[in-house]
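Biologist: Please take a single part of this model and go through it slowly, with the cut-offs behind each term. How much space lies in the largest cavity?

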Amino acid sequence: MLRWFHALLPREERFFDLFARHSDVVAAGAEALRAMLDGGDAVDRYYNTVMDREHDADNITREVLIAVRRTFITPFDRGDIKDLITSMDNTIDQMQKTAKTIMMFDQRTFTPQQKDMADAIVRCAVLVREAMPLLSAMNANAGRLNEIGEQLSQIEGRTDELHDTGLRELYRANQPTNSMAFFVGAEIYDHLEKVVDRFDDVGNEVSGIVIENV
């Protein structure tokens with residue numbers, strides 16, 4: 001009886017708008033991070049953009065978590081809402097860590113594989129930005145949402161291969177004398193890979209929400 005009563009009550013729909021806004025910010029952060037890897041002056045020019053977008057994302061995440069506590073009827077499980085926005089925020093947090101590493105080591109040139117990994121990050125962000133509005137009509141969009149989750153997983157797998165290939169080439173190019181260059185490059189590879197891993201987490205959250213609610 002209580003379940004039927006809850007089903008008749010109006011749901012708070014602003015969560016979908018907040019998810020969409022957050023995904024827009026994440027996409028902007030991904031584009032700025034990719035622009036940093038063009039190297040040279042672009043590193044300094046786009047670094048602050050990544051930092052600013054991370055700050056914007058934190059504000060939206062905070063808004064979502066406050067809304068979860070204050071809203072009587074949420075569009076889906078409160079725990080799933082928290083997990084989804086947290087996983088989304090983790091993507092841009094990791095972008096920020098990547099950008100900080102680049103600045104800390106004063107890196108101004110990047111390998112083809114690092115640039116390809118940054119391209120993959122942008123593709124992931126575009127997919128997440130597409131997915132967020134679809135959640136508001138989950139039944140109608142379940143197929144596409146599941147496809148997006150699969151695409152994110154596929155990108156993550158290809159990025160792992162780029163990481164391994166790039167790291168191997170970096171080692172060959174810098175051994176045995178330039179261990180510092182290898183260390184710095186390896187750090188950047190590691191951070192880029194983690195960004196894509198965090199996007200895969202978002203895809204898993206979205207797929208889980210679809211399974212539970214459709």
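**The largest cavity and its surroundings**

Modeller: The largest cavity holds about 30 Å³ of space, a cavity being a set of points on a 1 Å grid over the protein atoms alone where a 1.4 Å probe fits but cannot get out, with its volume counted as the space filled by probe spheres set on points joined across faces, edges and corners. This is a predicted model, in which local features need pLDDT of at least 70 and side-chain atom pairs pLDDT 80 or more, while totals for chains, interfaces and linings use all residues. Residues are numbered from 1 along each chain as its sequence is written, and side-chain values use heavy atoms, without hydrogens or water.

The structure holds one cavity of 30 Å³ or more, set in a protein of seven helices and zero strands (DSSP runs numbered from the N terminus, H or I of at least four residues for helices, E of at least two for strands). Its lining (residues with an atom within 4 Å of a point) consists of L127, V128, A131, M132, I148, L152, V202, G203 and V206. Two or more of these residues come from each of α5, α6 and α7, and α5 gives the largest share, with four residues. By class, eight lining residues of this cavity are nonpolar, one is polar and none is charged (Ala, Val, Leu, Ile, Met, Phe, Trp, Tyr, Cys and Pro count as nonpolar, Asp, Glu, Lys and Arg as charged, and the others, Gly among them, as polar).

Two of these helices, α6 and α7, have axes that come within 8 Å and cross at roughly 165° (lines fitted to C-alpha atoms over the stretch in contact, with angles from 0 to 180 degrees between N-to-C directions). That angle is why α6 counts as roughly antiparallel to α7, a label for angles over 145 degrees. The contact of α6 with α7 brings together 18 nonpolar, 13 polar and six charged residues.

The second largest pocket (an open set of points with protein on both sides within 12 Å along at least five of seven lines) has a volume of about 170 Å³. Among its 15 lining residues, F110, T111, Q114, L170 and N174 are the closest to its centre. The elements that give this pocket two or more residues are α5 (112–134), α6 (138–174) and α7 (179–213), and here the largest share, five residues, comes from α6. The lining of this pocket has six nonpolar, eight polar and one charged residues.

Methods:
Parallel < 35°, antiparallel > 145°, perpendicular 65-115°, else oblique.
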